[in-house]
Amino acid sequence: MGKSVHGFSKLSKHEKINWLVTTFFNDDEKIKKVIQQYWNTNKVLQYLHDDFIENTISNFYIPFAIAPNFLINGKEYTIPMTIEESSVVAAASLVAKFWRTRGGFSAKVISTKKVGQVHFMYKGNKEELKNYFNSKKEDFYKVTENITKNMRKRGGGILDIELRDKTKELANYYQIHVTFETMDSMGANFINSCLEAIANEFKKPDIQIVMSILSNYVPECLVHAEVSCKVEDLYAENSEELAQKFVQAVQIANAEPHRAVTHNKGIMNGIDAVVIATGNDFRAIEAGAHAYASRSGKYKSLTNASIENGIFKFWIEIPLALGTVGGLTKLHPLSKLSLELLENPSAKELMEIIAVAGLAQNFAALRALTTTGIQKGHMKMHLTNIIKQLGASEEEKAFLIDYFEHKTVTHNAVVEAYKKLAKDK
Ligand code: MEV
């Protein structure tokens with residue numbers, strides 16, 4: 001009751017913060033400072049960010065990092081990554097270096113079709129519906145001509161328009177299923193505008209249009225990326241056995257959904273970080289990737305691995321509907337910079353780069369999990385973070401890292417060791 005508010009979006013930013021602070025934080029001035037310390041002093045930049053969404057009161061920073069040394073299809077890349085999880089960028093950089101001495105990554109776009117649907121209900125005769133749809137098909141292209149004009153000039157547009165009978169799944173339910181080629185744009189607005197125009201042209205009293213919307217399930221907007229090398233070149237020791245374990249780890253993810261979800265989460269660590277850095281929609285990518293992982297009816301790994309004739313091969317196949325023009329890509333200064341850093345790739349090239357980022361992350365995770373485990377690396381980072389928070393000197397830092405070499409790192413244990421060190425001095 002006391003926490004509801006009317007006309008909030010019409011308040012100024014200061015008024016919004018005042019309401020927040022008095023309603024939730026007992027008028028605590030410190031809260032205002034926390035919020036305001038993230039405001040940008042560059043007003044133009046701040047207005048830009050304010051306007052991305054409604055009710056903006058501050059900015060939420062996520063680190064923006066770069067992972068150098070990627071070799072993809074023989075070309076060098078420094079990959080921008082936006083992510084809060086420690087170890088993801090370090091892992092990407094390590095793996096990039098590892099594979100560049102083994103021929104690098106190769107990647108190839110398989111297809112770039114996107115999908116949108118007009119969902120509708122119809123209770124009448126099926127043949128009549130088919131005839132009506134066929135009589136309208138040409139008009140669908142006509143009523144979307146203005147919207148598709150520029151896209152057609154760039155080589156894209158509407159590829160196909162089909163009537164789909166979905167009455168087995170849901171009584172009276174049909175779709176107009178439209179496939180699109182959107183070239184370098186993600187195409188959400190373009191697709192939705194076309195669909196609404198088509199729906200408008202199609203409607204009549206016995207057809208109830210329920211909704212018109214693009215689909216984030218894009219199994220035909222697919223990219224493949226891979227690495228391979230001789231098994232003996234994969235590890236310094238026990239290469240044969242460790243390579244087998246690596247392949248088994250992928251097989252386990254293919255056999256068991258609990259593991260597959262975590263396995264794919266690790267892949268998405270790499271994918272999302274680049275998707276966000278380049279101003280693309282990571283929710284769309286996530287939804288599409290997980291749906292693709294379930295396409296057989298069972299949730300499985302997005303990567304695969306094999307050993308054949310002494311050659312280890314590791315690959316990913318993932319749908320990625322991306323844009324390098326439009327949306328946030330050029331609007332957000334850091335997305336623009338990210339795309340420049342990648343030498344302004346086409347959407348296809350970006351699909352290849354991002355698939356590689358996912359594959360690299362999965363390689364790092366599986367290599368660690370099947371050898372030392374991931375905690376060793378994580379704990380090292382955890383330890384250095386705590387040491388940093390404690391404000392330890394370089395000398396104290398070296399001591400503590402050495403001290404915890406074979407001990408379990410917990411926040412308490414590090415604080416205690418640090419205190420003891422200070423006392424002993
Ligand atoms: C952590 O963010 C990701 C991993 O759990 C992925 C995996 O288990 O493969 C390490």
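**Sheets, pockets and a cavity in a predicted model**

Val118 has Ser212, a residue of β7, as its bridge partner. That pair is a handy way into this structure, which is a predicted model. Val118 belongs to a strand called β4, covering residues 114–122, and this strand is joined to β7 by 8 bridges, with the two running antiparallel. Zooming out a little, β4 and β7 are part of an open sheet of 4 strands, in the order β5-β6-β4-β7, and the pairing is antiparallel. At the edges sit β5 (157–165) and β7 (207–215), each of which pairs on one side only. On average, neighbouring strands in this sheet are turned by 15° against each other, if direction is ignored.

There is another sheet to look at. Here, too, 4 strands make an open sheet with antiparallel pairing, and the order is β3-β8-β10-β9. Its edge strands are β3 (106–109) and β9 (303–308), and each of them pairs on one side only. For this sheet the average turn between neighbouring strands is 20°, again with direction ignored. Along one side, β3 pairs with β8 (residues 222–230) over 4 bridges in the antiparallel sense. One residue pair to pick out on screen is Ala107 and its bridge partner in β8, Ala225.

Now for the domains. The assignment splits the protein into domain 1 (14–50), domain 2 (64–106 + 225–371), domain 3 (114–215) and domain 4 (376–424). Domain 2 is written as two stretches of the chain, 64–106 and 225–371. Taken over C-alpha atoms, the centres of domain 3 and domain 4 are 61 Å apart.

Next come the spaces in the model, beginning with the enclosed kind. The count gives 1 cavity of 30 Å³ or more. The largest cavity holds about 100 Å³ of space. It is lined by 15 residues, and those closest to its centre are Met186, Ser215, Asn216, Val218 and Ala321. Two or more lining residues come from each of β4, β7 and α10, so the strands that opened this description turn up again here, and α10 provides the largest share with 4 residues. In character, the lining of this cavity breaks down into 11 nonpolar residues, 3 polar ones and 1 charged one. Both domain 2 (64–106 + 225–371) and domain 3 (114–215) put at least three residues into the lining of the largest cavity.

The pockets are the open spaces. In the largest pocket there is about 1300 Å³ of space. A total of 40 residues line this pocket, and His49, Phe52, Ile276, Leu328 and His332 lie nearest its centre. The elements giving two or more residues to the lining are α3 (43–50), α7 (188–202), α9 (257–277), α10 (282–293) and α11 (333–341). The biggest share among them, 4 residues, is from α3. Sorted by character, the lining of the largest pocket has 19 nonpolar, 18 polar and 3 charged residues.

The second largest pocket has a volume of about 730 Å³. Its lining is made of 28 residues, with Ala91, Ala364, Ala368, Ile374 and His378 the closest to its centre. Contributions of two or more residues come from α4 (88–100), α9, α12 (347–369) and α13 (375–390). Of these, α12 gives the most, with 7 residues. The lining of this second pocket divides into 11 nonpolar, 12 polar and 5 charged residues. Domain 2 (64–106 + 225–371) and domain 4 (376–424) each supply at least three residues to it.

One last stop is a single glycine. Gly327 is located in the loop between β10 (311–319) and α11. Gly327 counts as exposed because its relative accessibility is 71%, and the cut-off for exposed is over 50%. Along the chain, Gly327 and Asp281 are 46 residues apart, yet their C-alpha atoms are separated by 9.2 Å.

Notes:
Residues are numbered from 1 along each chain as its sequence is written. This is a predicted model: local features need pLDDT of at least 70, side-chain atom pairs count only at pLDDT 80 or more; totals for chains, interfaces and linings use all residues. Side-chain values use heavy atoms; hydrogens and water are left out. On a 1 Å grid over the protein atoms alone, a cavity is a set of points where a 1.4 Å probe fits but cannot get out, and a pocket is an open set with protein on both sides within 12 Å along at least five of seven lines; lining residues have an atom within 4 Å of a point. Grid points are joined across faces, edges and corners, and a volume is the space filled by probe spheres set on the points. Ala, Val, Leu, Ile, Met, Phe, Trp, Tyr, Cys and Pro count as nonpolar, Asp, Glu, Lys and Arg as charged, and the others, Gly among them, as polar. Domain bounds come from an automatic or database domain assignment. Buried means under 20% relative accessible area, exposed over 50%, partly exposed in between (1.4 Å probe, protein chains only). Two strands pair if DSSP finds at least two bridges between them. Axes are lines fitted to C-alpha atoms, for helices over the stretch in contact, and angles run from 0 to 180 degrees between N-to-C directions.
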